[in-house]
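Q: Please take a close look at a single part of this model, the pairing of two neighbouring strands, and then set that part beside the enclosed space and one residue elsewhere in the chain.

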Amino acid sequence: MKIVLINGESSFLINEQINEIIKDNKNVSSFDMNGQRIEDLLIEAGYSSMFGEEKFIIVKNANFWGSGKLNESDSALLLRYFENPNPLSNIIFVCNEKIDSRKKIVKVVKDKYKIITIPNLKSYEIEKRVEEYLGKKKYQIDKDSIKYIVTNCLNNFDLVMMEVEKIILYYSSPCFIKKIDVENIVSKSINQNNFLFVDNLIEGNLEKSLELLNELKILKVEPTVLLSLIARDIRIMLNIKRMLEQNKREYEILTDLKLMDWQLDKYLKKVFPYKIKELEEWLVKLANIDFKIKSGKLDKYYALELLALDICT
């Protein structure tokens, strides 16, 4: 095997494929290309233990196989290693976006090694897998409830499985799953999660922000949309803060900014901990992040994780 490139959108299905490859092998390490270097990966791949054990290296977020970019030095290092890999090392690259078949490194792996493309499941395939998964855990569920889960998760298998795990956690022991409980447990709206993410981010709730960001990533919500929502909220907060310092009354703020009473109440709570200078600085940071994402200098989801850490800590 030596080199495998796995391409797909579903983390759940990718992990299944990885487990199928490594089987019961315990000599497994992991690299994340959002924060680690190609040079370090290849040093690890080139190392062999004194016992001559086969090892597996899982390389996550390797989106340089798609729209991401490698500098010339890193590309040359990879190509050189592909010509003469360590026979005891197996590298499993994971790319969550469409592979760019024009790239030389893609052509080399396609010719000499293996590319596994995992298609998204159709709705009926997801429904069948949910029924089988719950059945193995001794839970019973009717087909309408399964359809409800799949529909509200927009036929996204990863999100479906996250919701199924919530349901299992809710019941804690095998039983018949009631439709009313499913409706109360399953997330119903991407838009709702978008706004919840922005609210938690601005309020400084790091743990909840990252949890919601992970769900939105699974839903393939475009990060630039989230950046726009954050920027909109901060602009409103900045305007409110300036007007408050000008001793404007609430009805004047409502009129000038065209807000509803409940919206102003919400923004007044958000804006309280911030100073005008801080809000102005955040707008500059958001503009810089947006530019770096669009110019390919920064991974879009990684950029939002960094933003959450910056705002919330």
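A: In this predicted model, Ser30 stands opposite Ile58 of strand β3. The two strands concerned are β2, residues 28–32, and β3, residues 55–60. They run parallel and are joined by five bridges. Helix α2, which spans residues 38–46, completes the arrangement: together with β2 and β3 it makes a β-α-β unit, and that unit is right-handed. As a general point, side chains in a regular strand alternate between the two faces of the sheet.

The enclosed space comes next. One cavity of 30 Å³ or more is found when the whole structure is searched, and the volume of the largest cavity is about 30 Å³. Its lining consists of Ile202, Ile234, Met237, Tyr274, Leu279, Trp282 and Ile311. Two or more residues of this lining come from each of the helices α11 (223–245) and α14 (276–294). Classified by residue type, the lining of the largest cavity holds seven nonpolar residues, with no polar and no charged ones.

The residue to be set beside these is Ser209, a member of helix α10, residues 206–218. Ser209 counts as buried because its relative accessibility is 0%, where the cut-off for buried is under 20%. Leaving aside residues up to four places away in sequence, Ser209 touches Phe197, Asn200, Leu201 and Cys312.

Methods. Residues numbered from 1 in each chain as written. Predicted model: local features only at pLDDT ≥ 70, side-chain atom pairs only at ≥ 80, totals over all residues. Heavy atoms only, no water. Pairing = 2+ DSSP bridges. Helix = DSSP H or I, 4+ residues; strand = E, 2+ residues; numbered from the N terminus. Right-handed = clockwise from strand over helix to strand, strands pointing away. 1 Å grid on protein atoms, 1.4 Å probe; cavity = no way out; pocket = protein on both sides within 12 Å on 5 of 7 lines; lining within 4 Å. Points joined across faces, edges and corners; volume = space filled by probe spheres on them. Nonpolar A, V, L, I, M, F, W, Y, C, P; charged D, E, K, R; others polar. Buried < 20%, exposed > 50% of the residue type's maximum accessible area, 1.4 Å probe, protein only. Contact = heavy atoms within 4.5 Å.
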